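This briefing introduces one protein model to a reader who is beginning to study structures. Please keep the sequence and the model in view while reading.

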Amino acid sequence: MINFREYANFIWSVADLLRGDYKQADYGKVILPLTILRRLDCVLEKTKPNVLSKYEMLKNTSIQNVDPILNAEVGLSFHNRSKFDFDKLVADPNNLAANLRNYINGFSDSSREIIEYFKFEDQINRLEDADLLFLVIKRFQEIDLHPSKISSMEMGYIFEELIRKFAEISNETAGEHFTPREVIRLMVNLLFLNDRDILTQEGIVKTLYDVCAGTGGMLSVAEEYLKELNPKARLEVFGQELNPESYAICRADMLIKGQNPTNIKLGNSLSNDGLENHKFDYCLTNPPFGVEWKKAEKQIKDEHQKKGFGGRFGAGLPRISDGSLLFLQHLVSKMKQNDEGSRIGIVFNGSPLFSGGAGSGESEIRKWIIENDLLEAIIALPDQLFYNTGISTYIWMLTNRKSKERKGKVQLVNAVSFYQKMSKSLGNKRNEISPKQIEEITQMYGDFKPGEHSKLFNNEDFGYSRITIERPLLDEKGKMVTDKKGNPKPDASLRDNENVPLTEDIEEYFEREVLPHVPDAWIDHDKTKVGYEINFTKYFYQYKPLRSLEEIRADIMKLEEEVFNEVASVIS
């Protein structure tokens, strides 16, 4: 495999030409679309003469839509019928701007739309005004992106490295655009592991959806995995992406790989589902961590209130500051309800595990997920894996077709120690998971056995009843105040709450844990709420005894001796 970072850096070096005329934050507006154009140009080079010849012939016919015929000539879902290519463009520098526009307009609709989303027409004008257009196009013409040299997978790596550099230099969050490859590989392993019998069938066709597609990294790795497992299998990929540049790159990647680029939609999937009524065999995504959903608040609340469980958000709405669990509900709505059902893999930070008490939106969503037996496993990942954050992250695995042994149960896998240090950090990413460690984590998940890093729980183990404990209101003389029926009135200032595990009897808990301390208390059962949370740290906590005074004293004495010797050597 080529060193895709070095290749991306070489392409990015074109920015040296832009320095002074462009702000750093605008470099990607030139480099990204031209990288795509140059790649498409290289991919189409061998078939270009045949396309031009066929196009001339079709001009004399009454056929209105020639795109399918010319696409067939290429053997891909796109073509270019302009007489220009990058070689011809640089050969006529005096007419470069007009010829470049002609070249772009010569692409079939689906590929031309990609360039339009970059608003590249604005950059042509800007580059021409700065006398940079020829220099930049010439530099790209010299970059070899032919598929004989760079595979589709490697080109995907280059795309993602370029978008990361663009995001960093624009002070955006690189992690909003893509996920580290080894994390995706682990997620894909977990997603497909239990379906090997299905996926190795002759001519099997499956669908996969990424609600936050970014540049298409998850879609690409999933497709690569399935091809390795079964070369005769086909994975049709779908996605939606909010960022126009990432969307354009994702669609370009789909074009080059022979996927249908119209399966990728632009926009906010929470407020405007571009694939409404579609169901998928697999869902795989890394939604942005802790991002508020205020911009989509009206549409989401309307759907929640008007459609309930007939829509996507019937279980509840999380706090406005974190939309993570909205994405989870959205994916559940995409599950197939047939015998085979669907599987979901999604990355979260720690917040969706425990944020919100009983009765809150977050807790109600967890309750709905767990009580419907959809949650299969949660895998805790090492920290410092992602480019934009060093915090702890978790993979949630969900399915509506649990195997017999997994029904009614949830597996927690603690993989926080399964990493190796990177030789050079990338942003906040200092750790990575090696291929061997990916295999080990996948194996633990697949074995479904309790052990040091794997624990099995019943669904109800994560639930609790939040009970309200009241104590009587006393008057100035210390006498209990009662209502008209003679019942004691509660003192709101003394009100307290207790979380009672669902596996325990509430009355027995109350008598054991509460009454010995306040004999005059009672439970207001009308206020009892059931909540769910997953305290991952508690389940894997290992007690480490404090060091003895003798050990501490010995360390202090050793340190003092080292300091004394250091001072003595300086004086002498």
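The points below begin with the whole chain and then turn to selected helices, loops and residues.

The model is predicted. Its protein chain contains 23 helices and 15 strands. Of the 572 residues in the chain, 51% are buried.

**The chain as a whole**

- Taken along the principal axes, the C-alpha atoms of the protein chain fill a box of roughly 100 × 85 × 50 Å.
- The protein chain has an accessible surface of about 27600 Å², and carbon and sulfur atoms supply 48% of that surface.
- Among contacts in the protein chain with a separation of 6 or more, 76% join residues 24 or more positions apart.

**Helix H4: one side turned inward**

- Helix H4 spans residues 48-58, and Lys 48, Val 51 and Leu 58 are buried in it.
- These residues lie on the same side of H4, because they cover an arc of only 85° around the axis.
- A general rule helps in reading such patterns: an α-helix has 3.6 residues a turn, so residues three or four places apart point the same way.
- The partners of the buried residues of H4 are helix H3 (27-44), helix H5 (67-74) and helix H7 (96-105), against which they pack.

**Helix H17: enclosed throughout**

- Helix H17 covers residues 324-332, and 9 of its 9 residues are buried, so this helix is largely enclosed by the rest of the structure.
- The buried residues of H17 include the nonpolar Leu 325, Leu 326 and Phe 327, and also Ser 324, Gln 329 and His 330.

**Arg 81 in a loop**

- Arg 81 is found in the loop between H5 and helix H6 (86-90).
- With a relative accessible area of 23%, Arg 81 is partly exposed.
- Not counting residues up to four places away in sequence, Arg 81 touches Val 51, Leu 52, Tyr 55, Val 66, Asp 67, Leu 70 and Gly 106.
- Val 51, one of the residues touched by Arg 81, is also one of the buried residues of H4.
- Arg 81 and Ile 104 are 23 residues apart along the chain, and their C-alpha atoms are separated by 9.6 Å.

**Two loop residues with positive phi**

- Lys 119 is not a glycine, yet it has a positive phi of about 55°.
- The loop that holds Lys 119 runs between helix H8 (109-117) and helix H9 (120-129), and Lys 119 is exposed at a relative accessible area of 59%.
- Asp 131 likewise is not a glycine and has a positive phi, here of about 60°.
- Asp 131 belongs to the loop between H9 and helix H10 (133-141), and it is exposed, with a relative accessible area of 67%.

**Two buried polar residues**

- Which residues does Lys 206 contact, leaving aside its neighbours within four places in sequence? They are Ile 198, Leu 199, Arg 234, Leu 235, Glu 236, Asp 281, Tyr 282 and Glu 340.
- Lys 206 sits in strand S1 (residues 205-210), and it counts as buried because its relative accessibility is 6%, which is under the limit of 20%.
- The C-alpha atoms of Lys 206 and Val 237 are separated by 8.6 Å, although the two residues are 31 residues apart along the chain.
- Ser 220 is part of helix H14 (residues 217-229), and it is buried, with a relative accessible area of 2%.
- Leaving aside neighbours within four places in sequence, Ser 220 is in contact with Arg 181, Asp 253, Met 254 and Lys 257.

**Cysteines**

- How many disulfides does the structure hold? It holds 0 disulfides.
- Cys 212 is in no disulfide, and the nearest cysteine sulfur, that of Cys 283, is 11 Å away; a disulfide would need the two sulfur atoms within 2.5 Å.
- Cys 212 counts as buried at 16% relative accessibility, and Cys 42 is buried as well, at 3%.

**A nonpolar patch on the surface**

- Leu 559, Val 563, Val 567 and Ile 571 form a nonpolar patch on the surface, and together they have about 400 Å² of accessible area.
- Leu 559 of this patch lies in helix H23 (residues 549-571).
- Is Leu 559 buried or exposed? Leu 559 is exposed, because its relative accessible area of 52% is over the 50% limit.

Definitions and conventions
Residues are numbered from 1 along each chain as its sequence is written. This is a predicted model: local features need pLDDT of at least 70, side-chain atom pairs count only at pLDDT 80 or more; totals for chains, interfaces and linings use all residues. Side-chain values use heavy atoms; hydrogens and water are left out. Buried means under 20% relative accessible area, exposed over 50%, partly exposed in between (1.4 Å probe, protein chains only). Helices (H or I, at least four residues) and strands (E, at least two) are DSSP runs, numbered from the N terminus. The arc is that of the directions from the helix axis to the C-beta atoms. Contact means heavy atoms within 4.5 Å. Patches are made of residues with over 30% relative accessible area and no salt bridge: like charges are joined within 9 Å, nonpolar side chains (Val, Leu, Ile, Met, Phe, Trp, Tyr) within 5 Å. Accessible areas come from the Shrake-Rupley method with a 1.4 Å probe; for residues, only the protein chains shown count as cover. A salt bridge is a side-chain nitrogen of Lys or Arg within 4 Å of a carboxyl oxygen of Asp or Glu.
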